[in-house]
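Me: Could you walk me through this model and tell me what stands behind the terms you use? I'd like to see how each label is earned.

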Amino acid sequence: MSPLICLVALLGGLYVLGVFRKQRPGEPPLDKGLIPWLGHVLEFRRDTFKFLERMRQKHGDVFTVQLGGFYFTFLQDPFSFGAFVKESREKLDFNSFAEQLVYRVFGYKAVENDHHVLHNASNKHLKGEGLEVMTQAMMSNLQNLMLHSVGSATDQSPWKEDGLFMYSYNIVFRAGFLALFGNVPHKSEGGEEKAKEKDRTHSETLFYEFRKYDQLFPNLAYGVLPPKQKWEADRLQSYFWDAVSVQNMKAKDNISRWVWDMQQAKEEVGMDESMINKYMFVLLWASQGNTGPSSFGPSLLLSPRLPQTYAAHFQINSWLLRFWSQEPHPGQKQTLEVISSLFWWGSLTRRCQKMCLSVWNISKLSKGANSSHSRPQIELKICYYNMPWGAGVSMCPGRFFATNELKQFVFLMLVYFEFELKNPNEEIPEIDFRRWGFGSMQPIRDVQFRYRLRF
Ligand code: HEM
């Protein structure tokens, strides 16, 4: 190789590693870290909060750092979020970063019209009448999963024990998956009960594989997985490409219009089927990665025995009493209208949802404000105290459905089950900082609870 080619290759390599990148006029301070390309990613992964705090002290509220080949700008002053999120897509384009990330973690190569198709389908099917259909589907799947094998109160059924995080995540994930990706047809299994059972077993396997991927996800996204875990991530990717493949989906009943329309749109532009399968995995991740973990917060905050929830429980129990006295069939399907007709229920779940989505962030913001009573006050003062759905041009299109999913799950927990935490003095577990930046936060440990049917 001639010396000139060597020099060009060397300079090209150094360019890719980010060696020549400098802070340009008008840009925030740039901190590339000492390791080329990786930058600060190892320290960032070890303890994100500590790292960001260190950078804030060094550079102020706004700074850019290099993490695994990407440059991330952090904005830590919540009072300036408002102006920032209102910027146009030209100035605040998330697409090119999202495309690279989606390729790295799902193997999907984005095409030109992707975003447009996604937003059309979401506007049609995750809002208005479409949302009602989705919500009904969610309800029947939640009932299938929650009511099976819990016996009945008349059998004096014993309490069942579980981790509240795993239980909530499991049920909400599986019901959401079935509502979006469809059910096993009754015909193919020779009856409704058999088909429902197959939905339960299949979604259970999927959940456990998803959870494995979920745990590898942050390091996979930052490109710092050790080889053995990278191999496992590759295996899981292949598993999901198959599990939610077009072929498997076409054998299902009740596929949501949201998923169906997107799959059709990809077929119409002549996308290769194996690539559509990868896109289906993207949709699975986007729709299920956050909702399950988010259901833990409201369930925990509404658990009897957690001192701050007594007042809320008193309200719920007295409302339930009234509700049952008007309703002769407690097991019957609860409709969205019934749920939303309850004024206090709406405000309570909204508050719980906000609390669970923001609970840990706010306690960090407010430093030392550990009591749940102080959180809503902070919400009032800071408009963009946190942004669970993102903001601006790429705000989550599934937020209305997700809100309903959470309400439905918590509603059924309260209506169907007596449940309580095993430890009456349970502390709210700390957040797992290693997941910072990847959607809903998860607790570092689970909280044991027990439950049994109310009726
Ligand atoms: C509690 C549950 C959920 C949370 C916290 C959540 C949060 C988010 C966030 C933060 C984003 C990125 C927004 C941005 O870039 O600014 C996002 C994107 C997205 N979410 Fe959600 N989400 C949830 C549930 C759902 C559900 C149930 C669906 C679908 C049924 C969904 C579909 C999507 C899609 C398709 C995107 C990508 C949007 C785009 O590229 O423009 N999400 N979500």
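Here are the questions and answers, one topic at a time.

Me: What makes a local feature count in this model?
Reply: This is a predicted model, and local features need pLDDT of at least 70, side-chain atom pairs count only at pLDDT 80 or more, while totals for chains, interfaces and linings use all residues. Residues are numbered from 1 along each chain as its sequence is written.

Me: How do you know where confidence is lowest and highest in the protein chain?
Reply: By pLDDT, the predictor's confidence in each residue, from 0 to 100. The protein chain has a mean of 79, with 76% of its residues at 70 or more. Helix α20 (residues 375–381) has the lowest confidence, a mean of 36, and α8 the highest, 97. Over residues 306–384 pLDDT stays under 50.

Me: What makes β1, β2 and β3 a sheet, and in which order do they lie?
Reply: Strands are DSSP runs of E, at least two residues, and helices are runs of H or I, at least four residues, numbered from the N terminus. Two strands pair if DSSP finds at least two bridges between them. β1 and β2 have 2 bridges, in the parallel sense, and 6 bridges join β2 (residues 62–67) to β3 (residues 70–75), which run antiparallel. Both pairs therefore meet the cut-off of at least two bridges. The result is an open sheet in the order β1-β2-β3, with mixed pairing. β1 (30–31) and β3 each have a single partner strand, so one side of each has no neighbour in the sheet.

Me: What forms the hairpin, and which residue in the turn has a positive phi?
Reply: β2 and β3 form the hairpin, with 2 residues between them, and Gly68 in the turn has a phi of about 50°. Leu67 has Phe70 in β3 as its bridge partner.

Me: What is the strand order in the antiparallel sheet?
Reply: The order is β4-β6-β5, again an open sheet of 3 strands. β4 (160–163) and β5 (417–421) are at the edges with a single partner strand each, so one side of each is left without a neighbour in the sheet. β4 and β6 (residues 448–453) pair over 4 bridges, and Glu161 has Arg450 in β6 as its bridge partner.

Me: How do you know which residues surround the ligand, and what are they by class?
Reply: A residue is near a molecule if its C-beta atom, placed from the backbone, lies within 6 Å of it. The ligand has 22 residues around it, and Ser287, Asn290, Gly390, Cys396 and Gly398 come nearest. Elements giving two or more residues to this shell include α6 (114–125) and α14 (273–288). By class there are 12 nonpolar, 10 polar and no charged residues; Ala, Val, Leu, Ile, Met, Phe, Trp, Tyr, Cys and Pro count as nonpolar, Asp, Glu, Lys and Arg as charged, and the others, Gly among them, as polar.

Conventions: Contact = placed C-beta atoms within 7 Å.
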